[in-house]
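Student: I'm new to this one. Could you walk me through a few spots?

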Amino acid sequence: MNAHTCASAAQILEEAKQFAAQEIRPLAGEIDAKGELPRSLIDKMGKRGYLAASWPAEFGGLGLDPVAYGLFTEQIGKACSNTRALLTVQTSLLGETMLRFGTEAQKRLWLPQVARAEKLGAFALSEPNVGSDAKSVQTTYRKEGGRYILNGSKKWISFAAIADFFVVTASDSSGQITSFIVEREREGVHTLPMAGMLGNRAVHIAEIRLDEVEVPAENVLGNVGGGFTYIVSTALDHGRYSIAWAGAAIAAEALEAMVTYARSRSQFGEKLHHFQLIKGMIGDAVTKVHAARSLCLAAGEMRRSVAADAIHETAIAKYFTSKVAVEVTNDTVQIHGGNGCRNDYPAERLFREAKVLEIIEGTSQIQQQVIAQYGLRKYAVKKQEAVQTKKEA
């Protein structure tokens, strides 16, 4: 249990807003520069139940519904994208997936510890040669008696450098894909931190190497053979919802930075916001931020009501907000001029973080294809309807 268990969603959101303003935003630049998310901040979030914001109270969660959780993610994401990434991985990718497919023993063991930030996890899907083509994982497993043996490498895994356990997706010799919970301390598990990142510099990204790693049958997450259809698909759907709000959050933060700078900076004897072209960029940014947030809210409402098209609406929101984040942060840098190219101002950091969103949890190009297939089904005019319309005309 945590101090927020009995609080209303409105109270939790207001407290999260204050927490973000006081505890996260002042550290955002330093977190990015050092490439490290402070353990003290992670512990504070765990104490408040923030890593389990959308989970039920029985597992240490705050019980926020999808809309409230989205708004919660927005507050944290505006303050610091690196800190928001902690929610995306622990709460959405791992937690929501384990809640749905984990055994009772797995949930009782891992979820309360993650909620309190006593243990952190990582979702190990991407590999050195496998990104968008997630069905082609090259990490392998074989069964020997009542245990499974894993071999292979995972790459670009957020929080892998500090995680206590990993959810690893692997394939057997027949192509059957299964997901496993792999504890860090198991023999044959090695991690190699990755530096030089464009964005997400403090998300402790690492490569994971598995060399004859033995795990018991009780560490299978979900059913054997259901690793892609159920575990990966569910995790990525929840991850995309979080990233959709991340895009809206970065765009909103960039808009505030843009307006603040335009109102304070003078050129040619006038404040920047008096110039027509600057107003044009601000007007476009306001419109894009409002549209991005509306799409996120629509996706959240559909997820809350378990609507059939919720997954597609989430993909649309993720695709749109990630593009909007790049566009708005680009204009924010432009309005800042030379100051936008240095870390004295948040503009350059927001620009770098925004670009990452077009790649993680499904690239923009993959989202286009998914959305197009959805559109081809949903918006096709049936032949009979077309004939009837013609007769009525």
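Tutor: Sure, let's take a helix and then some single residues. This is a predicted model, where local features need pLDDT of at least 70, side-chain atom pairs count only at pLDDT 80 or more, and totals for chains, interfaces and linings use all residues. Residues are numbered from 1 along each chain as its sequence is written, and side-chain values use heavy atoms, with hydrogens and water left out.

Student: Which helices and strands do the buried residues of α10 pack against?
Tutor: Helices (H or I, at least four residues) and strands (E, at least two) are DSSP runs, numbered from the N terminus. In α10, residues 347–356, 8 of the 10 residues are buried, meaning under 20% relative accessible area with a 1.4 Å probe, protein chains only. Leu350 and Val356 are among them. Their partners are α2, α5, α7 and α9.

Student: How far is the backbone oxygen of Gly121 from a polar atom of the Gln90 side chain?
Tutor: Gln90 is part of helix α5, and it counts as buried because its relative accessibility is 0%. Gly121 is one of the residues it touches, with contact meaning heavy atoms within 4.5 Å. The distance you asked about is 2.9 Å.

Student: Is Glu212 buried or partly exposed?
Tutor: Glu212 sits in strand β7 and has a positive phi of about 55° although it is not a glycine. Most residues other than glycine have a negative phi. Partly exposed lies between under 20% (buried) and over 50% (exposed). Glu212 has 39% relative accessibility, so it counts as partly exposed.

Terms used. Polar contact = N/O pair within 3.5 Å; in protein donor to acceptor, adjacent residues only side chain to side chain. Lists of a residue's contacts leave out its neighbours within four places in sequence.
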